[in-house]
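Please work through the exercises below with the sequence and the 3D structure at hand. Attempt each task before reading its solution.

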Amino acid sequence: MQVSGRHGLLSGLDKAWVAAWLCLSLALAWGQVAEHGMKYNRLLITNAMVVEGSGIPASGPWDIVLEGNRIIDIQRAKELGAHRGNAAARIDAKGKYVLPGFINMHGHLQDSRARIKMPFQYQYNLWLACGITTIRDVGSDKAKAVIERKNSEADLYPAPRIYLYMWFPGGLTQKEIAESIRELKQLGADGVKFHQLDRATFQMAAREATLQGLKIAHHVGVKDANAWDDIAEKTTTIEHWYGVPDAALTQVQSFPPEFNHSDELHRFRYAGRLWREANPDKLRDVLQAMAEANVAWDPTFSIYEACRDLQRAVSQPWFDEYLHPALEKFFTPNPTYHGSFFWGWTTTDEVYWRENYQIWMKAVRDFAAMGGIVTTGEDAGFIYRMHGFGFLRELELHEEAGFRPLEVITHATHNSAVVLGQGEQLGRIKRGFLADLVIVNGNPLENLRILFPPVKTRFLNAAREVGGVEWTIKNGIPYHAPTLLAEVREMVVKARQDHASTGKTEAK
Ligand SMILES: [Zn+2]
């Protein structure tokens with residue numbers, strides 16, 4: 001109900017003056033309301049419910065003081081007299097939850113898909129708008145990635161922190177293997193990404209990487225190497241899941257005689273029938289040994305979801321406004337695009353994949369119960385997965401795997417930071433830690449789905465108007481998520497026009 005000023009003590013005009021005066025005095029006392037992309041000496045977040053990141057329960061309300069790019073103080077709300085007085089800007093987090101910035105452990109910097117240009121900024125905005133403040137790049141154009149990492153460190157434009165686990169080429173001789181690893185080190189790699197190597201190559205490359213102080217992300221192939229080799233060489237993370245059930249087989253997987261591993265449709269179809277062949281006792285031994293050897297697991301549940309539910313994957317509500325034409329083309333079934341194998345995908349394939357997920361998810365849960373470290377990765381840009389949205393879906397699937405929302409947040413923050421070797425300054429809301437934070441409209445522990453950007457759909461218009469990330473703070477700089485998303489929508493409209501009219505966005 002609206003009450004006219006005439007009936008109150010103050011006229012409308014008086015009220016406006018009082019309101020203006022109050023705002024001015026608050027601004028003087030607490031600093032201005034924060035602005036998107038501005039760097040402040042001191043930024044104050046007030047009245048925040050805090051999920052700290054390491055698995056301890058939410059608590060609050062707290063006031064959090066950021067100075068430069070660090071968290072310098074966390075105090076009970078309203079006990080911060082001195083700090084409140086000299087903050088340059090503030091964000092009122094009343095009714096909101098504040099979490100450590102999310103870490104996406106499986107990203108790829110891509111500035112084109114299907115020979116169509118797609119700006120890095122498109123990915124960065126989506127990642128930040130979904131709360132991701134750090135990505136681990138596991139394979140992209142090395143020279144470009146080094147520049148992007150440097151620019152992100154300098155905050156030249158909105159972008160998450162970038163760790164580079166550079167792609168290691170296959171098919172090398174013994175001498176070339178060591179040279180190649182040293183070359184990656186010289187280029188500035190934080191780690192290496194191994195992809196479907198034979199055992200001998202993997203062993204040599206892993207030992208050289210360890211000598212060079214490089215961490216290892218391993219996408220194991222259907223080769224002679226499996227998780228036992230990762231255990232022996234102390235791989236940092238096993239990506240996806242290949243190599244784990246393989247290490248628990250009692251014989252070669254049962255493939256039909258016409259199976260061709262080079263055919264992606266065959267490969268993904270029979271990948272969906274692999275977990276069922278793992279021997280439960282052997283599997284337990286492998287998981288236990290992985291946990292003891294400190295081999296972490298980055299399962300990337302979300303990237304395979306189309307295999308168990310193609311209809312869901314192709315009809316995601318955010319495609320309408322956010323799908324870049326480069327991704328749209330790449331996602332259209334085509335044997336030359338990795339992961340775009342969905343011609344002739346059958347109900348039977350989905351049924352097998354659902355069972356595959358159940359065994360896989362239980363294995364990840366058992367691994368965690370044995371003390372293994374589980375992280376969260378996305379792998380967007382493939383198989384109908386969009387940046388940011390894919391990561392948030394990953395969080396939901398960790399809950400489906402049996403983890404509590406508080407544990408899921410830990411996978412996405414503290415666990416991933418520890419695996420990156422950054423556990424002492426990233427992934428928690430703690431004094432002295434880097435100021436990477438997500439401010440969420442609502443309580444994600446009640447419903448992880450509220451982390452998704454609000455998107456209008458035919459049936460959920462009103463319901464989806466609430467929630468979403470409000471601010472993502474990276475390196476102390478607040479980015480307003482709705483503003484980042486509006487920019488993405490503009491990019492997409494323009495890219496669609498360009499692509500439709502002239503084809504001038506075709507990459508060379
Ligand atoms: Zn990948």
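The exercises that follow concern a predicted model.

**Exercise 1. The chain as a whole**

Task: State how many helices and strands there are in the chain, and what percentage of its residues count as buried.

Solution. Begin with the secondary structure: the chain has 17 helices and 18 strands. Turn next to burial: 48% of the 508 residues count as buried. Finally, consider the contacts between residues at least 6 apart in sequence: 74% of these join residues at least 24 apart.

**Exercise 2. Two residues in loops**

Task: Determine where Ala248 lies and whether Ala248 is buried or exposed. Then do the same for Tyr304.

Solution. Step 1: locate Ala248. This residue belongs to the loop between strand E14 (237–239) and helix H8 (264–271).

Step 2: count the neighbours. A residue is buried if 20 or more other C-beta atoms lie within 10 Å of its own. Ala248 has 22 other C-beta atoms within 10 Å and is therefore buried.

Step 3: identify the partners. Leaving aside residues up to four places away in sequence, Ala248 touches Ala278, Asn279, Lys282, Leu283 and Val286. For Lys282, the C-alpha to C-alpha distance from Ala248 is 4.9 Å, although 34 residues separate the two in sequence.

Step 4: repeat the procedure for Tyr304. The loop between strand E15 (296–298) and helix H10 (305–308) contains Tyr304. Because 24 other C-beta atoms lie within 10 Å, Tyr304 is buried. Tyr304 and Arg385 are 81 residues apart along the chain, and their C-alpha atoms are separated by 9.3 Å.

**Exercise 3. Backbone angles**

Task: Find the peptide bond from Gly60 to Pro61 and state whether it is cis or trans. Then give phi for Arg115 and Asp155, and the exposure of each residue.

Solution. Step 1: the peptide bond from Gly60 to Pro61 has omega near 5° and is cis. Pro61 is placed in strand E3 (residues 59–67).

Step 2: Arg115 has a phi near 65°, a positive value in a residue other than glycine. Its place is in the loop between strand E8 (112–113) and strand E9 (116–117). With 12 C-beta neighbours inside 10 Å, Arg115 counts as exposed, because the cut-off for exposed is 12 or fewer.

Step 3: Asp155 also has a positive phi, near 55°. This residue lies in the loop between helix H4 (142–153) and strand E11 (161–167). Asp155 has 15 other C-beta atoms within 10 Å and is therefore partly exposed.

**Exercise 4. Helix H15 and its surroundings**

Task: Compare the expected span of H15 with the distance between its end C-alpha atoms, and explain why H15 is described as largely enclosed.

Solution. Step 1: H15 (residues 389–400) has 12 residues, so at 1.5 Å a residue it should span 16 Å. Its end C-alpha atoms are 17 Å apart, which agrees.

Step 2: 9 of the 12 residues of H15 are buried, so the helix is largely enclosed by the rest of the structure. Among these buried residues are Phe389, Phe391, Leu392 and Leu397. Their cover includes strand E7 (102–107), strand E10 (132–137) and helix H16 (405–419).

Step 3: inspect what comes after the helix. H15 is followed by Gly402, whose phi is positive, near 115°.

**Exercise 5. Two helix pairs**

Task: Describe how H15 packs against H16, and how H3 packs against H17.

Solution. Step 1: two packed helices are described by the angle between their axes and the distance between the axes.

Step 2: the axes of H15 and H16 are 9 Å apart, at an angle of about 135°. H15 is therefore oblique to H16. Their crossing is right-handed. Leu395, His398 and Glu399 in H15 meet Pro405, Val408, His411 and Ala412 in H16. By type, the residues of this contact are 4 nonpolar, 2 polar and 1 charged.

Step 3: the axes of H3 (residues 120–129) and H17 (residues 481–501) come within 9 Å and cross at roughly 150°. Angles over 145 degrees count as roughly antiparallel, and H3 and H17 are therefore roughly antiparallel to each other. H3 passes H17 in a left-handed crossing. In this contact, Tyr122, Asn125, Leu126, Leu128 and Ala129 in H3 meet residues of H17 including Leu484, Leu485 and Val488. The residues of the contact divide into 9 nonpolar, 1 polar and 1 charged.

Note on methods
Residues are numbered from 1 along each chain as its sequence is written. This is a predicted model: local features need pLDDT of at least 70, side-chain atom pairs count only at pLDDT 80 or more; totals for chains, interfaces and linings use all residues. Helices (H or I, at least four residues) and strands (E, at least two) are DSSP runs, numbered from the N terminus. Two residues are in contact if their C-beta atoms, placed from the backbone, lie within 7 Å. Axes are lines fitted to C-alpha atoms, for helices over the stretch in contact, and angles run from 0 to 180 degrees between N-to-C directions. Angles under 35 degrees count as roughly parallel, over 145 as roughly antiparallel, 65 to 115 as roughly perpendicular and the rest as oblique. A crossing is left-handed if the near helix is turned anticlockwise from the far one by less than a right angle, and right-handed if clockwise. Ala, Val, Leu, Ile, Met, Phe, Trp, Tyr, Cys and Pro count as nonpolar, Asp, Glu, Lys and Arg as charged, and the others, Gly among them, as polar. The expected span of a helix is 1.5 Å times one less than its number of residues.
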